[in-house]
Amino acid sequence: MSIEIEHVNKRFGHFVAVDNVSLSLPAGQLTALLGPSGSGKTTLLRIIAGLEHADSGRIRFHGEDATDVHVSRRGVGFVFQHYALFKHMTVFDNVAYGLTVKPRRLRPGKAEIRRRVMELLELVQLDWTAHRLPSQLSGGQRQRIALARALAVEPKVLLLDEPFGALDAQVRAELRRWLRRLHDDIHLTTVFVTHDQEEALEVSDRIVVMNQGRVEQEGTPEAVYDHPVNPFVFSFLGQVNLFHARVQDGQARIGDLALPMAAPDHQPEGDGLAYVRPHDIEILAEDDGQGALAAVIQGITVVGPTARLELKVAGGKDLIHAELPKTQLAPLGLSPGMKTWVRPVNSRVFVGHRNQNPPVAEPALHPRD
Ligand SMILES: Nc1ncnc2c1ncn2[C@@H]1O[C@H](COP(=O)(O)OP(=O)(O)OP(=O)(O)O)[C@@H](O)[C@H]1O
């Protein structure tokens, strides 16, 4: 069941929470609504669900207008960050709940309810917990039961609001891989809200990047990561270093250093900022004469297989961040205090954009200041 969102607006008093959003969410896909806190993700999800009413605009499910259809008739299943399972009911009864409260004529028989609940518990790989109480489960297990419960009434659309937000990093990572596998099995149109870019990139078929109630970009994870349309999306999808740059005659430069650019066809010319990801900064122990910026290593941190370097470029005020495989440290003989050369091997220059970095962005470097 596809979801079409057409010119949806929502204000709370004078505050614009959702600002003229139009989207088409394809059937059977897992779409992430990704954005910083307060960007309107949850409000949009609640409008899709029918828990919130848009001030204007329409919501269609598979082409049919659902804007004025009550939440109970939209055929949506939800899982929230703090999904309250009924504490005094067993796991089995929690999952069965939505079926047992159906009107008599729509309610399946006892044996059918049992069959369906056990099937769902197997799907979420927790059939062995059927007779437990929620308090006897871990947080991750509870969220999987919440998902089984949402699926019990056979929703046409599944809506997840930061479903793993309250769990620790490792459980979160396991659950998002599990959710991806589950989605590959059931192919239910799913929309999930997250502010975690890694989660969105790893799990979803499509990502909608939101900011201040608007959609900044929409596309596959590869498209939004590799071809961010503006500085906001670039910065929000990962760590970034900023350099003053100039584009002239189709060539971008930081000072005299020519930059290779993943440039769109019509790269505007003029002064701007070059955005470079830490893993796109090459570190050279010796100047190879092919253009690089002199820099001194300020610190090295090894995190698992990755070495993270902080460097100060000659003439620059702020530190830049580079990342490379830990195994390259020894061959290059890199150590704190050492003079090196750095070369951006991939970058994107935005000319004439307002610098609208979210707080996740790293400090800017101004080598020409
Ligand atoms: N019922 C409400 N009354 C007043 N303001 C609200 C209400 N619900 C949301 N807002 C405001 O609307 C804005 C968007 O909120 P929303 O919850 O949609 O953002 P979000 O992107 O989901 O953020 P988060 O990740 O923090 O949940 C916020 O500034 C919030 O304070």
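Helices (H or I, at least four residues) and strands (E, at least two) are DSSP runs here, numbered from the N terminus. With that in hand, Q212 can be placed in the loop between β9 and β10 (214-219).

**Ground rules and confidence**

This is a predicted model, so local features need pLDDT of at least 70, side-chain atom pairs count only at pLDDT 80 or more, and totals for chains, interfaces and linings use all residues. Residues are numbered from 1 along each chain as its sequence is written.

As for pLDDT, it is the predictor's confidence in each residue, from 0 to 100. The protein has a mean pLDDT of 87, with 94% of its residues at 70 or more. Confidence peaks in strand β9 (residues 206-211) at a mean of 97 and is lowest in strand β21 (residues 364-365) at 44. The stretch 356-369 has pLDDT below 50, yet in the model it has 41 contacts beyond near neighbours in sequence; two residues are in contact if their C-beta atoms, placed from the backbone, lie within 7 Å. Where pLDDT is low, the predicted coordinates should not be read in detail. The model scores are ipTM 0.93 and pTM 0.86.

**Overall layout**

You're looking at 9 helices and 21 strands, in a C-alpha trace that spans about 80 × 45 × 35 Å along its principal axes. Of the 369 residues, 37% count as buried. The cut-offs: a residue is buried if 20 or more other C-beta atoms lie within 10 Å of its own, exposed if 12 or fewer, and partly exposed in between, with C-beta atoms placed from the backbone. Among contacts between residues at least 6 apart in sequence, 69% join residues at least 24 apart.

The domain assignment gives domain 1 (3-226) and domain 2 (231-365); such bounds come from an automatic or database domain assignment. Their C-alpha centres lie 38 Å apart. Where they touch, domain 1 puts in 8 residues and domain 2 puts in 6. On the domain 1 side, β9, β10 and α7 (221-226) each supply at least two residues. That side divides into 4 nonpolar, 3 polar and 1 charged residues. For these classes, Ala, Val, Leu, Ile, Met, Phe, Trp, Tyr, Cys and Pro count as nonpolar, Asp, Glu, Lys and Arg as charged, and the others, Gly among them, as polar.

**The core**

A nonpolar core here is a set of buried Ala, Val, Leu, Ile, Met, Phe, Trp, Tyr and Cys residues joined through C-beta atoms within 7 Å. The largest one has 89 residues, of which L33, V95, A148, L159, A245, A274 and V342 touch the most other members. Its largest share, 7 residues, comes from α4, and each of the two domains gives it at least three residues. Leaving aside neighbours within four places in sequence, A245 has contacts that include I254, L259, L273, A274 and V349.

**Around the ligand**

The ligand is surrounded by 13 residues, the closest being F12, A17, S37, T42 and T43. "Surrounding" is a distance call: the C-beta atom, placed from the backbone, lies within 6 Å of the molecule. Two elements, β2 (15-25) and α1 (41-49), give two or more residues to this shell, and α1 gives the most, with 3. By class, the shell has 4 nonpolar, 8 polar and 1 charged residues.

Helix α1 is mostly covered, with 7 of its 9 residues buried. Those buried residues are K41, T43, L44, L45, R46, I47 and I48. Just after α1, G50 takes a positive phi of about 95°.

**Backbone and local oddments**

Most residues other than glycine have a negative phi, and most peptide bonds are trans. Two non-glycine residues with positive phi are worth a look, Q125 and Q212. Q125 lies in the loop between α3 (110-123) and α4 (139-152).

| Residue | Phi | Other C-beta atoms within 10 Å |
|---|---|---|
| Q125 | about 60° | 14 |
| Q212 | near 50° | 15 |

Why does Q125 count as partly exposed? Because it has 14 other C-beta atoms within 10 Å.

G57 sits in strand β4 (residues 56-61) and counts as partly exposed because it has 17 C-beta neighbours inside 10 Å. Not counting residues up to four places away in sequence, G57 touches E6, H7, V8 and N9. F80 is 23 residues from G57 along the chain, and their C-alpha atoms are separated by 25 Å.
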